[in-house]
Amino acid sequence: LYEFLNSENLDHAFKYYASGGSVIMSSEEIIDEIGIISAQNFDGYKIRIGLKSWDEDMERVDAASRYNGYVMVDGICGTRNPPYNLQEALSVSEYLIEKEIYWFEEPLHPDNYAEMKILQENSSINIAAGEAYSGIGEFQNFINFAKTNYVQFDACHSGGISSCREINKLSKDRHKRTAIHVWGSAIAKLTNYHLALSLDQLDFFEIP
């Protein structure tokens, strides 16, 4: 898929980022991974935080911030227990802003729309979320109430290609930026890539 995206004959407006930086990786391993993806000219790079101590995660974020492109940090609060609370998320976001991180993904539990709205209103970093939701109804509530700058959806988890097209339109109508979440098999990657090519407006495409 990477080679296809890098084809000189391919015309698309969206950017694509390498989704790596496993939550268990050390800062040294992140630096090694940066070397690999830098050679492939990805527009951005994403790592996960939240399992190690905050001191260790700060070092890992610092390492990731050396990537020459967009750098995203995923708090994985939809899958780990306990997730950050609002004060923790605000504190983390301050450090991410200092390191010029582009977005903070899943900084709070996905059900916590009210505090996601507060976080986005009180932080200059882009907040991204959406991979935990399925179907138009859940996305309507998320978009209308959480008010994050970025909405993420996945053809394999969010109701299929037609639903994702509707989610993208709803997001753009609300002046939100959008990113396709991709995780899984080659079929999942290519299904989402077909979705991406069908959209008039899309900002980012994830390549795990």
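**View 1. Glu121 and its partner Lys117 in helix α5.** Start with Glu121 in this predicted model: with a relative accessibility of 53%, Glu121 counts as exposed. Its partner Lys117 is partly exposed, at 28% relative accessible area. The two side chains meet in a salt bridge, 2.7 Å from N to O. Both sit in helix α5 (residues 113–121), and because they are four residues apart there, about one helical turn separates them.

**View 2. A buried charge network around Lys46.** Now for a set of charges away from that helix. Lys46, Arg48, Glu105 and Glu206 are joined into one network by salt bridges that share partners. Which residues does Lys46 pair with? One is Glu105, with the closest N and O atoms 2.8 Å apart. That pair links distant parts of the chain, since Lys46 belongs to strand β2 and Glu105 to strand β4 (residues 103–105), 59 residues apart. Lys46 and Glu105 are both buried. Another is Glu206, whose salt bridge with Lys46 has its closest N and O atoms 3.1 Å apart. Glu206 lies in strand β8 and Lys46 in β2, so this pair ties together parts that are 160 residues apart in sequence. Glu206 is buried too, just like Lys46. The model has nine salt bridges in total.

**View 3. Strand β2 and its neighbours β1 and β3.** Here's the strand that carries Lys46. Five of the five residues in β2 (residues 44–48) are buried. Gly44, Lys46 and Arg48 point one way, while Tyr45 and Ile47 point the other. Strand β1 (residues 15–19) pairs with β2 in the parallel sense over three bridges, and Ser19 stands opposite Lys46. Getting from β1 to β2, the chain passes through helix α2 (residues 27–38) in a right-handed β-α-β crossover. As for β3, it runs parallel to β2 and is joined to it by five bridges; Gly44 stands opposite Tyr70 in β3. Helix α3 (residues 54–64) completes another right-handed β-α-β unit with β2 and β3.

**View 4. Strand β8, covered on both faces.** Glu206 takes us to β8 (residues 204–207). Phe204 and Glu206 are buried on one side of this strand, and Phe205 and Ile207 are buried on the other. Strand β1 runs parallel to β8, with four bridges joining them; Tyr16 has Phe205 as its bridge partner in β8. Strand β7 (residues 177–180) also pairs with β8 in the parallel sense, over two bridges, and here Ala179 is partnered by Phe204. Add helix α8 (residues 186–198), and β7 and β8 make a right-handed β-α-β unit with it.

**View 5. Arg80, buried with no salt bridge.** Last stop: the loop between β3 (70–74) and α4 (86–98), where Arg80 is found. Which side chain of opposite charge is nearest to Arg80? That would be Glu88, but it is 6.6 Å away, and Arg80 is buried without a salt bridge. What the Arg80 side chain does reach is backbone oxygen: a polar atom of this side chain lies 2.9 Å from the backbone oxygen of Gly75, and the side chain reaches that of Pro82 at 3.0 Å. Setting aside neighbours within four places in sequence, Arg80 is in contact with Ile49, Gly50 and Gly75.

How values were computed:
Residues numbered from 1 in each chain as written. Predicted model: local features only at pLDDT ≥ 70, side-chain atom pairs only at ≥ 80, totals over all residues. Heavy atoms only, no water. Buried < 20%, exposed > 50% of the residue type's maximum accessible area, 1.4 Å probe, protein only. Lys, Arg positive; Asp, Glu negative; His and termini not counted. Salt bridge = Lys/Arg side-chain N within 4 Å of Asp/Glu carboxyl O. Polar contact = N/O pair within 3.5 Å; in protein donor to acceptor, adjacent residues only side chain to side chain. Contact = heavy atoms within 4.5 Å. Pairing = 2+ DSSP bridges. Right-handed = clockwise from strand over helix to strand, strands pointing away.
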